[in-house]
Amino acid sequence: MEDLISNLEQLGFSKIEAQVYSCLVQHDIMSGYSIAKNLNKTRPSVYNALDNLLEKGFVNIVHGETVSEYVAVDPELLLNDISIRVSVAAKKAREKLVKLKAKSKIPRFENIEGKSNLVSAVNRLIANSKKEIVMNSSMPLAYFKDSLIAAAKRKVRIILFTWQNLDTLGIPMEFYSGFDGTDYCTEERIFLVSDLTNCVIGSNDSSGYFPHKKVGEKRPNGETDFMGMTSSNRLIVNMVTEHIHFDIYLNKMKKKSRKNLFTPDILLGSLMETGL
């Protein structure tokens with residue numbers, strides 16, 4: 001029930017309005033007194049919520065001889081109406097805000113903290129893509145499935161590389177995998193470039209392990225273990241794009257030569273390689 005109340009709050013209900021509406025949906029028709037008793041709330045707070053719900057058109061009143069009772073508007077009809085209104089309002093607001101948006105002359109960088117914020121940033125970039133998405137990910141694609149499928153329906157080209165045995169979930173894309181039975185990627189990481197103009201990078205690893213070296217220790221995977229950034233800076237966008245392309249090139253060369261290209265004689269012994 002708490003999840004339902006939270007969902008309704010996100011749709012514009014106050015907490016008490018969400019509780020009253022849910023109570024009416026569950027019990028069909030009730031008086032304000034019965035609702036207050038059922039919810040263990042004060043009658044003034046319940047009647048105030050009912051007045052607001054009546055004004056919004058979320059409930060209807062049935063006048064009786066001795067007491068008035070209330071019924072909830074059918075949830076399917078109500079939520080469909082709210083969905084349409086929110087969609088229309090969001091579209092109009094977006095059009096007006098785009099016109100108001102200042103033309104920044106300085107490429108932007110925005111830091112990201114937290115896994116949910118990183119996932120949201122990736123999905124926003126995917127949703128705004130018009131031509132091409134190039135990405136390198138070891139994060140499960142379930143986080144981005146809906147937005148990627150929507151992009152594919154818009155005829156956006158999607159190119160994905162991964163070092164892991166990643167499930168593509170039936171998403172239409174050009175898929176390249178460097179996975180050969182050994183897990184080289186110790187963290188959940190994502191690089192994504194949209195239309196060669198914007199990028200997002202993120203990971204739950206802050207140590208800089210060499211990605212082609214087998215490391216047994218997995219990285220922490222909690223909400224606060226993730227950090228990243230988004231940028232429209234041309235240099236950063238190009239660097240991320242090149243990184244993904246070189247991973248794909250390297251993987252193709254490895255398969256073509258049928259041997260490991262990372263032999264000891266070409267390594268540098270750097271901090272990145274040793275993971276220090």
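This talk walks through the fold of one predicted model, from the whole chain down to two buried residues.

Start with the overview. The chain has nine helices and 10 strands. Of its 276 residues, 37% count as buried. Now take contacts with a sequence separation of 6 or more. Residues 24 or more positions apart make up 63% of those.

There are two sheets to cover. I'll take the three-stranded one to begin with.

This sheet is open, and its strand order is β1-β3-β2. The pairing is antiparallel. At the edges stand β1, residues 29-31, and β2, residues 59-63, and each of them pairs on one side only. On average, neighbouring strands here are turned by 35° against each other, ignoring direction.

Look at the β1 and β3 pair. Strand β3 covers residues 68-72, and three bridges join it to β1 in the antiparallel sense. One register point to note: S31 has E69 in β3 as its bridge partner.

Two helices lie across these strands. Helix α2, residues 15-27, crosses β1, β2 and β3. It runs at about 90° to β3. Helix α3, residues 32-39, lies across β1 and β3. Its angle to β1 is about 90°.

Next, the seven-stranded sheet. Which order do its strands take? Reading across, it is β4-β10-β9-β8-β5-β6-β7. This sheet is open too, and the pairing is mixed. The edge strands are β4, residues 109-113, and β7, residues 174-177. Each has a single partner strand, so one side of each is left without a neighbour in the sheet. Neighbouring strands are turned by 10° against each other on average, again with direction ignored.

Zoom in on the β8 and β9 pair. Strand β8 spans residues 189-194, strand β9 spans 198-203, and six antiparallel bridges connect them. R189 has S203 in β9 as its bridge partner. I190 stands opposite G202, also in β9. The two strands form a hairpin, with three residues between them. In that turn, D195 has a positive phi of about 55°.

Strand β9 also pairs with β10. That pairing is antiparallel, over five bridges. Here S203 stands opposite M227 in β10. So much for the strands.

Now the helices packed on this sheet.

Helix α8, residues 234-257, touches β4, β5, β6, β7, β8, β9 and β10. Its direction makes about 115° with that of β8. For reference, β6 is residues 157-162.

Helix α6, residues 115-127, packs on the sheet as well, touching β4, β5, β8, β9 and β10. Its direction makes about 155° with that of β9. On numbering, β5 is 132-137 and β10 is 227-231.

Let me stay with α6. It has 13 residues. From first C-alpha to last it reaches 18 Å, close to the 18 Å expected at 1.5 Å a residue. Which of its residues are buried? They are K115, L118, V119, A121, V122, L125 and I126. Seen down the helix axis, these buried residues fall within an arc of 160°, so they line one face of α6. What do they pack against? The partners are β4, β5, β8, β9 and β10, plus helix α7, residues 145-153.

Two residues deserve a closer look.

The first is K115, a lysine in α6. Is K115 buried or exposed? Its relative accessible area is 11%. The cut-off for buried is under 20%, so K115 counts as buried. Leaving out residues up to four places away in sequence, K115 touches M139, Y143, E188, N221, G222, E223 and F226.

The second is N251, in helix α8. N251 has a relative accessible area of 5%, so it is buried as well. With the same sequence neighbours left out, N251 touches F161, S177 and G178. What does its side chain reach? The backbone oxygen of S177, at 3.1 Å.

To wrap up, two points to keep on screen. The three-stranded sheet is antiparallel, whereas the seven-stranded sheet is mixed. And K115 in α6 and N251 in α8 are the residues to click on.

Terms used. Residues are numbered from 1 along each chain as its sequence is written. This is a predicted model: local features need pLDDT of at least 70, side-chain atom pairs count only at pLDDT 80 or more; totals for chains, interfaces and linings use all residues. Side-chain values use heavy atoms; hydrogens and water are left out. Two strands pair if DSSP finds at least two bridges between them. Helices (H or I, at least four residues) and strands (E, at least two) are DSSP runs, numbered from the N terminus. Axes are lines fitted to C-alpha atoms, for helices over the stretch in contact, and angles run from 0 to 180 degrees between N-to-C directions. Contact means heavy atoms within 4.5 Å. The expected span of a helix is 1.5 Å times one less than its number of residues. Buried means under 20% relative accessible area, exposed over 50%, partly exposed in between (1.4 Å probe, protein chains only). The arc is that of the directions from the helix axis to the C-beta atoms. A polar contact is a pair of N or O atoms within 3.5 Å; within protein, one must be able to donate a hydrogen and the other to accept it, and residues adjacent in sequence count only if both atoms are side-chain atoms.
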